Amino acid sequence: MIVDSHVHVGTWKYPEISAYLPDMAGAGVDAAVLVQFVGNIDNAYLLRCAEAHPGRLAVVAMVDPGAHGAPLHVTRLAASPHVKGIRLWASTRSPGPDPLALWRAIAAAGLVASVRGPLQDIADPAFAALLDELPGLKVRLEHLGFTTYPDADRKDFARFLALAGRPGVHTMWAGFYANSGRPYPHPDADPYLREAVAAYGARRITWSGDWNRPDPGPGDYAAAIRHVLERPYLTDADKRWILGGSAAELFGLGR
């Protein structure tokens, strides 16, 4: 089973679901997580897409993190069986007396916190303290913690790796078209990927083929699958977990 854990679709900015489904089938992708894009907290379109394809599409929604009602918004979204997560930043804090109110709401609802960077914020000790405050929270650090290759700050990357010591923390194999300084197969990312697999284990690494990258070339989506399959440091079991098993387990797909 192949699961793309990070797909943007919409009625503006990104193509609609009707553009994605044929490419999904053509690449052999079985299921996908539709992740809301920054600047849009209207999740109705993503929910309609998932409702039309139950068990095949799931939703990671967004709310306004600066709104006092954001935690209640999370609770309402969680009432939908299609909403599996909430997207926010590592630096997100709620207004009012409890800066972790939004994070607590995500944890209480049993949703996944899909976390944006930059790497500096993910590596900040304050983020590790947040995770320690909420040990039951499920977290997915997008795009390998927003690491850039090959010039990532090694101390920050080491702190990103150390977050793997918390069993609810996952990361994501994606974003190389933007974060790598080399074309496919992005060899400058390999040393970092090796370390991430060693730290997190393949069972806590989800995959995305970056379908919605700017100006995609023919075959780019299928090549993103080969990028995993051709890495010599991955076992066959690793490849199965990264390409689908991890996301299916984390986001409840394919059941």
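How do the residues of the lining of the largest pocket divide into nonpolar, polar and charged? The first legend below takes this up, and every view comes from a predicted model.

**View 1. The largest pocket and its lining.** This pocket holds about 280 Å³ of space. Its lining is made up of 16 residues, and the closest to the pocket centre are His8, Arg87, Arg116, His143 and Tyr177. Sorted by type, the lining residues come to 6 nonpolar, 6 polar and 4 charged. Two helices, α7 (143-146) and α9 (176-179), each supply at least two residues of this lining. Helix α9 gives the most, with 3 residues.

**View 2. Strand β1 and its partner β2.** Here we look at β1 (residues 3-7), a mostly covered strand in which 5 of 5 residues are buried. Strand β1 runs parallel to β2 (residues 31-35), and 3 bridges join the two. Val3 has Ala31 of β2 as its bridge partner, while Asp4 is matched with Ala32 of β2. Helix α1 (residues 17-27) completes the picture: together with β1 and β2 it makes a right-handed β-α-β unit.

**View 3. Both faces of β2, and the step on to β3.** In a regular strand, side chains alternate between the two faces of the sheet. On β2, Ala31, Val33 and Val35 point one way and Ala32 and Leu34 the other way, and all of them are buried. That agrees with the count for β2, where 5 of 5 residues are buried. Strand β2 also pairs with β3 (residues 57-61), in the parallel sense and over 4 bridges. Within this pairing, Leu34 stands opposite Val59 of β3. To get from β2 to β3, the chain passes through helix α2 (residues 44-52) in a right-handed β-α-β crossover.

**View 4. Two cis peptide bonds.** Most peptide bonds are trans, and this view gathers two that are not. The bond from Gly117 to Pro118 is cis, with omega near 15°. Look for Pro118 in the loop between β5 (112-116) and α5 (119-122). A cis peptide bond also joins Tyr184 and Pro185, with omega about 10°. Pro185 sits in the loop between α9 and α10 (190-200).

**View 5. Positive phi at Leu144 and His186.** Most residues other than glycine have a negative phi, and here are two worth a second glance. Leu144 is not a glycine, yet has a positive phi of about 50°. This residue lies in helix α7. With a relative accessible area of 1%, Leu144 is buried, because the cut-off for that label is under 20%. His186, also a residue other than glycine, has a positive phi near 55°. Its place is in the loop between α9 and α10, the loop that also holds Pro185. At 9% relative accessibility, His186 falls under the 20% cut-off and therefore counts as buried too.

**View 6. Ser94 and its contact with Leu102.** Finally, turn to the loop between β4 (83-89) and α4 (101-109), where Ser94 is found. The Ser94 side chain reaches the backbone nitrogen of Leu102 at 3.0 Å. Is Ser94 buried or exposed? Its relative accessibility is 10%, so Ser94 counts as buried.

Key: Residues numbered from 1 in each chain as written. Predicted model: local features only at pLDDT ≥ 70, side-chain atom pairs only at ≥ 80, totals over all residues. Heavy atoms only, no water. 1 Å grid on protein atoms, 1.4 Å probe; cavity = no way out; pocket = protein on both sides within 12 Å on 5 of 7 lines; lining within 4 Å. Points joined across faces, edges and corners; volume = space filled by probe spheres on them. Nonpolar A, V, L, I, M, F, W, Y, C, P; charged D, E, K, R; others polar. Buried < 20%, exposed > 50% of the residue type's maximum accessible area, 1.4 Å probe, protein only. Pairing = 2+ DSSP bridges. Right-handed = clockwise from strand over helix to strand, strands pointing away. Polar contact = N/O pair within 3.5 Å; in protein donor to acceptor, adjacent residues only side chain to side chain.
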